[in-house]
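The following paragraphs offer a guided reading of a protein model. Please keep the sequence and the structure in view while following them.

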Amino acid sequence: MNFLTMKSKNNIKQVFAGAYSYLRLHPCIVSFLLSLIMLFIYSLIQEIAPFGDITFLRKDLYHQYLPFLYELKRKLSAPREFGYSFDLGLGSSFYALYVYYLSDPLNLLCVFIPRDRLLGFLTIVTYLKIALSSSFMCIYLRYRAPSLRKINLVILSMCYAFSGYAASYDWNVMWMWGIALAPLSLMGFEKAVKEGHIRLFLLSMAIIVWTNYYIAMLLFIFFLIYYPVCCIEGKNSIKDSFVNGARVLFASVLAAGVSAVLLLPEYAAIKKTSFSGTALPSKIRMYLSLPELLLRLLPDVAVETGLGHEPALYFSIGALMLVPLYFMNSKIRLVDRITRAVLIVFFFISFNMNLLEYFWHGLNYPDSIPARQAFIFVIIMLLTAAEGLGSDRDVEMTSAYRWIKISVMSLFPMIIFFVCFVFCRDEEHTDIITWFLSGGFVIFYICAVFLYVLFRDEYEKWGIYAISMILFMEIMMNFNLTSLRDISREKYFVHQESFASLAQVAENSDSLNQGHFTRLDVSHQNIRNISCLVGYHDASYFSSTIDGSIPEAYEDLGMKSSRVHYMASGMTPFTASLLGAGYILADDYRNNCTDFDVASFLDEYGEDYLFELNWRLPFGYTVPSGSCMSKVLDASRDPVDRQDQLAYSMGYDHVFESIDREHIDEETGKTLIHIPKDGHYYAYSHSNAKEISEYIEIAGDEAHAEFSDMKYESIMDLGRLEKDDIVTLKDEECDEKLNISLYRLVPEAMDDAIDGLKETSLTLTGFSDCHIEGLIDISSGRDLILQMPYDTDWEIVMDGYERLEPDSFCGLLMRISIPEGLHHISLTYHIPYLIPGIILSVISVIIILISQWGRFSLTHFFSKRSQ
C-alpha cells in the first residue's frame, strides 16, 4: 500500500513537473491562464455571479447585447424569419442588427443555452476573449522581440488584455474578437509587407471583418498609415514594397469579400441611419491640452462613455517606464526610432483633432466612446516597450550608461505624473485615489528598478518577479476600479417574468387585429430594449441600425429620441393610437402614464400591472389621401400642437385644448400652474431644462413625479388633474424660465378621430416577421396606413399580381395608396443585396482556397508576375 501511495505521489509530481516545463516553453498559454485567474479574482472582488448577485452587465451590454441575444435565441429556436423583427421597436431589420451586434459565430450557440443562463454564457465568452487577447498579444510580442524574457512577454501581453481600453469598454462585447485578434492581424500585416506571406493576415482579418466590421475598418485605416512604417522597418526595395503592397491589397479585398454576405446588406441599412452623410468639419479644432491627454496614461482615470473626447490610453505605468529604452537603444536603427516616434505622435494628434477623428471613424463622428482606435495605440506602445526591453538585453553597457538609462526610465513616468497633477488635479475624471495610486506606483517602480540594478547579480530572478508582481497588482487594481459592476441579477430581471405573462394576457384579449398583432408600451423602461428581453412588440428601440427618419419623426411628435434610439416616453393617447401601442405595462397601479381617464386596468402579476388604452387603432387604418405628406408638420409649433394640427388636417376636431398663459406663472427654473378645469394635461418646456420635477398640491398633499433627460425635449404627461389643483414644475439647475406650454386632452374629439380612422381598416389574415397579409374594402380618397416604419425593402403586392410603391406618413409610418374596392394586400420583406452578397462571399472563399491551398499559391502568382 505504501509503495502504491509513493508511486502515485511520484506520478503526480511528474505530471506537475511536465506541466511546468511545458508552460515555461509556451508563455502564450501562461498569459491566457493567468488572465483567466485574474478575471476570476476580479469576479470575486466585484461579487459577480456565481460569487454574488452582481452581474457583468454595464452600459450597452445592459441595454443591447443581452436583450438582442434573447431575440436571436427566439429566432433560432422557433424558427422565425431572420430578416425582420417586430420586437425591435416599431419594426426593424433583424439581419442588420445581427450583422452589427451579433455576428460572432459563438453567439449561435445560444440556441443550446437555457434562457436563464444566457447572461452567464455571455459573461464566460467575454472572459475567454479577454484572455485570448492576452495570449495573441504574447504571440505578437514574441515574434517582434524574440530575446525578451518569457515572464516579461506574459506581463506585457496582460497589460494589453487589461488595458484602460479593455477595462473601459469590455461591455462592448461585439468588439472583443477584433480587439483580441488585432495583435495577430498586425503580425500578419508585417509578415505580408516585409516577407510577402499573407496567410496569417488574410485569415485574421477575415475573422475580424466577419465578427465586427467596425473594428476591421479601424484596422484597415491603421494599415494604410502603418504600411510605409513596415516598408522602412523591413528595408524593402521599391519593387518589393509595391509587390507586397499588391499582395496585402488583394488579401484585404478577399478578407472583406468573405463577409460580403454580411457587409452588403449592412451597408444598405447603415445608409438609412443618421450616421450616413456626415459633413467634413469646416474648421480644425483641438479637444484637449497635452496634460489632459497624458492624464489618460495614468491608472484609475474615469471612463468617458459620453460625447467627450478623452481617450482610454492606459496600459500600466510599469510598461510606460520601458518605452524610453527603445529610443535610447543604439542597436535599433535611427530611422526605425524616428518612424516609431512619428507614429506615436500621430496617434496623440489623432485623439485630439476633429479632422483626424472624422477620418479614423469612417468619415463620421462617434456617438459616445471617443478615440475608438486607442487599442491600436496600446499595441504600439507595448510593442515599443517590449522591443526596448528585449533589445536592451543584447547591448553591452558601461555602468554609467546603465545608470543613465535607469534615470531616464524613472524620470519619464515621474514627469508625466507631476505634469498631470499640476495641470489636471481638478479634472472631473480623477479623484484622490487616482493621484495616490499613480504616485504610489511610480515610487514603487523606481525603488524596485534601482534595487534590481544594485543587487542584480545576487537576486536577478527574484527582482524580475518582484517588479512583475507590482505590475500585476497595478493592472489588477486599475481594472477593478475602472470596470466597476453594480447591477444585480434580481434588479435586471425583476420584470421579465411578470411582463412576459402580462404581454400574453394582452395578446389573448386583443381582438382588434384578429389575434395577429399586439403592441405594448412600458411606462418606466429600466432596459431600453426590454421588448427583446421579454419577447413582445414595442414602440421603443435602441440600436445603431435604426432608420434615421424614425428618431426625427419621434422628436417632431414630442417623444425622446437621438441618433441611436427612439423611446415611447412622451407619448400621448393620440400618438399611441397612431403607432398601435394599445397596452401599457407599469410597475405602479396609478401613475402619470396610466391614469384612469386614458387607460383601463386589465390585469396584474406580482407588483406589475397591465392597462389597456381607451383609444386604439388597428394595425392597418385609413386616412384621407394626401394628409401629412410632409415630413415635419410645422417647425414653429411645439409637439403637442403638431399632433393637434395633424388630427385637424385629417378632418377631425382639435384633440388638444391649449390653456391660456394667464393660468401659468413662471420664474427662473420654476413654473406654477393653476388648473382651470378637470382633465388630463400635457406640458412641453421650451427651455434648456435637464430634469423637471412635478409637484401637485391635492388636499394639502404633494404628489411627486420626475421627468428626466429633458435634453431630448419630450412631452410631459402631468396626469389627471382637477379644477383648482396647483401644479409646480421646477428644475433647480435651469438658468432660465421653463417656458411651459400647457394642453388638455379633449376626450370627445379623440373619440371622433379614432372612430373615423378605424372605420375602414385592414383585416389581417396572416402575420409574421417577414410576411403580412390582409383584406381591405377601401373607399375612394383614403390611404392605408400600417403601424410599421416606412421601408422600401418591403415588397407590396395587391391582389396577387400588382406591385405597389409605398410612401411615408408623417415621415414615419408606411402609407399605401390603394384604388377603391375590395383588395388582398400582401407584404414580404427582402434583405437588400443578400443574393449579391452570397455570390461574392462564395467567390472569395473559392479564390482563397485555390490561392492558398491549391496548385497555384498567391505568393507564387505574384512572384511570377514580378519576374
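Over the ring of which residue does the charged end of K75 sit? The ring is that of F94, and the charged end of K75 lies 5.3 Å from its centre. The model is a predicted one, and every value given here is computed from it. A second arrangement of this kind involves R528, which lies over the face of F542 at 5.2 Å from the ring centre.

Rings also pair with one another. Across the whole structure, a search finds 54 aromatic pairs. One of them joins Y169 and W171: the ring centres are 6.1 Å apart and the planes stand at 85°, so this pair is edge-to-face. Y169 and W171 are both buried. A pair with another geometry is formed by F222 and F347, whose ring centres are 5.9 Å apart; because their planes meet at 35°, the pair is classed as tilted. This pair connects distant parts of the chain, since F222 belongs to helix α10 (residues 213-233) and F347 to helix α15 (residues 334-352), with the two positions 125 residues apart in numbering. Both F222 and F347 are buried. They also belong to a cluster linked by ring pairs, in which the other members are F189, F201, F223, Y226, F348, F351, W360 and F377.

Helix α6 gives an opportunity to check a length against expectation. This helix covers residues 150-161, and at 1.5 Å a residue its 12 residues should span 16 Å; the C-alpha atoms at its ends are 17 Å apart, which agrees. Is α6 mostly covered or mostly uncovered? It is mostly covered, with 10 of its 12 residues buried. The buried residues include N152, L153, V154, S157 and Y160, and the list ends with A161. In general, an α-helix has 3.6 residues a turn, so residues three or four places apart point the same way.

A single residue in another helix shows what a buried position can look like in detail. M750 is found in helix α27, which comprises residues 747-757. Its relative accessibility is 0%, and M750 therefore counts as buried. Apart from neighbours within four places in sequence, M750 is in contact with P573, F574, W615, V655 and L745. P311, by contrast, lies 439 residues from M750 along the chain, and the C-alpha atoms of these two residues are separated by 51 Å.

The cysteines can be considered next. How many disulfides does the structure hold? It holds zero. C532 illustrates the point: the closest cysteine sulfur to its own is that of C110, and because the distance is 13 Å, the two are too far apart for a bond. C532 counts as buried because its relative accessibility is 0%. C734, at 7% relative accessibility, counts as buried as well.

The last part of this reading concerns strand β25 and its partners. Four of the five residues of β25 (residues 813-817) are buried, so the strand is largely enclosed by the rest of the structure. Strand β21 (residues 782-789) runs antiparallel to β25 and is joined to it by five bridges; here L786 stands opposite M814. Strand β24 (residues 807-809) is also antiparallel to β25, through three bridges, and F809 stands opposite L813. Together β24 and β25 form a hairpin with three residues between them. In that turn, C810 has a positive phi of about 60°.

Technical notes. Residues numbered from 1 in each chain as written. Predicted model: local features only at pLDDT ≥ 70, side-chain atom pairs only at ≥ 80, totals over all residues. Heavy atoms only, no water. Phe/Tyr/Trp six-rings, centres within 6.5 Å; stacked < 30°, edge-to-face > 60°. Buried < 20%, exposed > 50% of the residue type's maximum accessible area, 1.4 Å probe, protein only. Lys NZ or Arg CZ within 6 Å of the ring centre and 35° of its normal. Contact = heavy atoms within 4.5 Å. Expected span 1.5 Å × (residues − 1). Disulfide = S-S within 2.5 Å. Pairing = 2+ DSSP bridges.
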